[in-house]
Amino acid sequence: MTSRTTLPPAPDRVDFGRTVWTWRRAGTALRVERRSVLVCAALAVVLAALAVLTLGTGSISLSPARVLSALFDPDADSRARLVVVNWRLPRLLFAIVCGAALAISGALFQSLTKNPLGSPDVIGFASGSYAGASVVMLLLGTADYLAVASGSLIGGALTAFLVYLLAYRNGLAPFRLIIVGIAVGAFLSSLTSMLLLSVSPQQAMLAATWGAGSLSGLGFEQLRATAVVFVVLLICSAAVVRPLVHLELGDDAAVALGIRAQRARLAATLVGVALTALVTAAVGPISFIALAAPQIAQRLTRASTTVRIVPAALTGAVILVGADFVAQRVDLPVGVVTVCVGGAYLAWLLARRYAGRHG
């Protein structure tokens, strides 16, 4: 979304009359695309409106004024603060963090593979995280939050290592990564199904419920750890954006600009897998946010690349908060809602690409 270049000294100013806004100070220019800023601002407004709506609706309904008062006024009605802050706010913040994390992961992988289908849930990394958590719940017999989260993170990391190892042939070709990832993901999904069939119905129901992806029953204790890891991974994501943008121009052009292609791909893969595993560890697998959010953000900003992490993160947060609002109204896990919406989106995307090639 931004780029920094060194320019001759010029007066401090921001030029708002162009498609690219430029802020100059002390010989340095910060260039920001106007449309991206406006889109991000609009998404932030939509997210805020959805947040107030989510916090104010449910078995106990509160007006927007009471919701805002409960959030920002320490002397507000204690009952309203209990409902808004203690009961509903952690779930909302989880939806925002997880939606943003999945969208950034999808943006990294779609840029890495140069394919709109190259999201972590399509190429198998989410299946690896789910398989790792299932092993902890079904074979080790524990549903402890920390143990399940650790299993998910380990499963995602091992899956990424396996896919990278199988796909590497004198370099990491994007198409080979997708094919190998889909194959490994199918194998791990079958392994998880086999585990579910080999245990008692009670254990299978526990794992299957978690596997649907739900934001219920989460509090500030789990949120703190998730948010800290997300901030660290967000910084790492910002660090790998520039090499990925250059790699989209081709390896030769990237190498000419001083980019080490394979190292950049490995770093982006690790960060993307870690973001997906973080979400799976926290709330279970949530599909199609990583697939759809970067593409929607790219179309809104009219950017030439999907690896714009701020618009993608805001888009992912809006989608997941909206999906969770619907999930609470129909009493379903949010992962079920995203699968229903995402399946329709995937069908549209495949049809559009097929028509574009053969029309």
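Here are some worked exercises on a predicted model.

**Exercise 1. Helix α3, end to end**

Task: Work out what span helix α3 should have, and check it against the distance between its end C-alpha atoms.

Solution:
- Start with the range: α3 covers residues 78-113, which is 36 residues.
- Now the rise. At 1.5 Å a residue, taken over one less than the number of residues, the helix should span 52 Å.
- Then compare: the end C-alpha atoms of α3 are 51 Å apart, which agrees with the expected span.

**Exercise 2. A bend and a burial count**

Task: Find where α3 bends, and decide how far the rest of the structure encloses it.

Solution:
- Go to Arg88, where α3 bends by about 50°.
- Look a little further along: a proline, Pro90, follows within four residues.
- For the enclosure, use the cut-off for buried, which is under 20% relative accessible area. By that rule 28 of the 36 residues of α3 are buried, so the helix is largely enclosed by the rest of the structure.

**Exercise 3. Two salt bridges**

Task: How many salt bridges does a search of the whole structure find, and which parts of the chain do Arg66 and Asp77 tie together?

Solution:
- The search turns up two salt bridges.
- Take Arg66 and Asp77: their side chains meet with N to O at 2.9 Å. Arg66 lies in helix α2 (residues 64-72) and Asp77 in the loop between α2 and α3, so this bridge ties together parts eleven residues apart in sequence.
- Check the surroundings of that pair. Arg66 has 34% relative accessibility and counts as partly exposed; Asp77, at 38%, is partly exposed too.
- Next comes Arg91 with Asp324, where the closest N and O atoms are 2.8 Å apart. That pair links distant parts of the chain: Arg91 is in helix α3 and Asp324 in helix α12 (residues 309-330), 233 residues apart.
- Finish with burial. Arg91 is at 15% relative accessibility, which makes it buried, and Asp324 is buried with a relative accessible area of 2%.

**Exercise 4. Sorting ring pairs**

Task: Take the pairs Tyr130 with Trp210 and Tyr164 with Tyr168, and decide for each: stacked or tilted?

Solution:
- The structure holds three aromatic pairs, and these are among them.
- You need two values per pair: a pair of aromatic rings is described by the distance of the centres and the angle of the planes.
- You also need the cut-offs: planes under 30 degrees apart count as stacked, over 60 as edge-to-face, and the rest as tilted.
- For Tyr130 and Trp210, the ring centres are 5.8 Å apart and the planes sit at 35°, so call it tilted. This pair joins helix α4 (residues 125-139), home of Tyr130, to helix α7 (residues 201-211), home of Trp210, across 80 residues. Tyr130 is buried at 17% relative accessibility, and Trp210 is buried at 17% as well.
- For Tyr164 and Tyr168, the centres are 5.9 Å apart with planes at 25°, so this pair is stacked. Tyr164 counts as buried at 16% relative accessibility, while Tyr168 is partly exposed at 36%.
- One extra ring to look up is Phe325: the charged end of Arg329 sits over it, 4.6 Å from its centre.

**Exercise 5. Positive phi**

Task: Where do Lys114 and Asp331 sit, and are they buried or exposed?

Solution:
- Here's the background: most residues other than glycine have a negative phi.
- Lys114 goes against that, with phi near 55°. You'll find it just after α3, in the loop between α3 and α4. Its relative accessibility of 46% makes Lys114 partly exposed.
- Asp331 has a positive phi near 60°. Its place is the loop between α12 and α13 (334-358), and at 69% relative accessibility Asp331 counts as exposed.

**Exercise 6. What Thr301 touches**

Task: Which backbone oxygen does the side chain of Thr301 reach at 2.9 Å, and which lies 3.4 Å from a polar atom of that side chain?

Solution:
- Place the residue: Thr301 is in helix α11 (residues 289-301), and it is buried with a relative accessible area of 4%.
- At 2.9 Å, the Thr301 side chain reaches the backbone oxygen of Ala297.
- At 3.4 Å, the partner is the backbone oxygen of Gln298.

Notes: Residues numbered from 1 in each chain as written. Predicted model: local features only at pLDDT ≥ 70, side-chain atom pairs only at ≥ 80, totals over all residues. Heavy atoms only, no water. Helix = DSSP H or I, 4+ residues; strand = E, 2+ residues; numbered from the N terminus. Bend = angle between axes of the 7 residues up to and from the residue. Buried < 20%, exposed > 50% of the residue type's maximum accessible area, 1.4 Å probe, protein only. Phe/Tyr/Trp six-rings, centres within 6.5 Å; stacked < 30°, edge-to-face > 60°. Lys NZ or Arg CZ within 6 Å of the ring centre and 35° of its normal. Salt bridge = Lys/Arg side-chain N within 4 Å of Asp/Glu carboxyl O. Polar contact = N/O pair within 3.5 Å; in protein donor to acceptor, adjacent residues only side chain to side chain.
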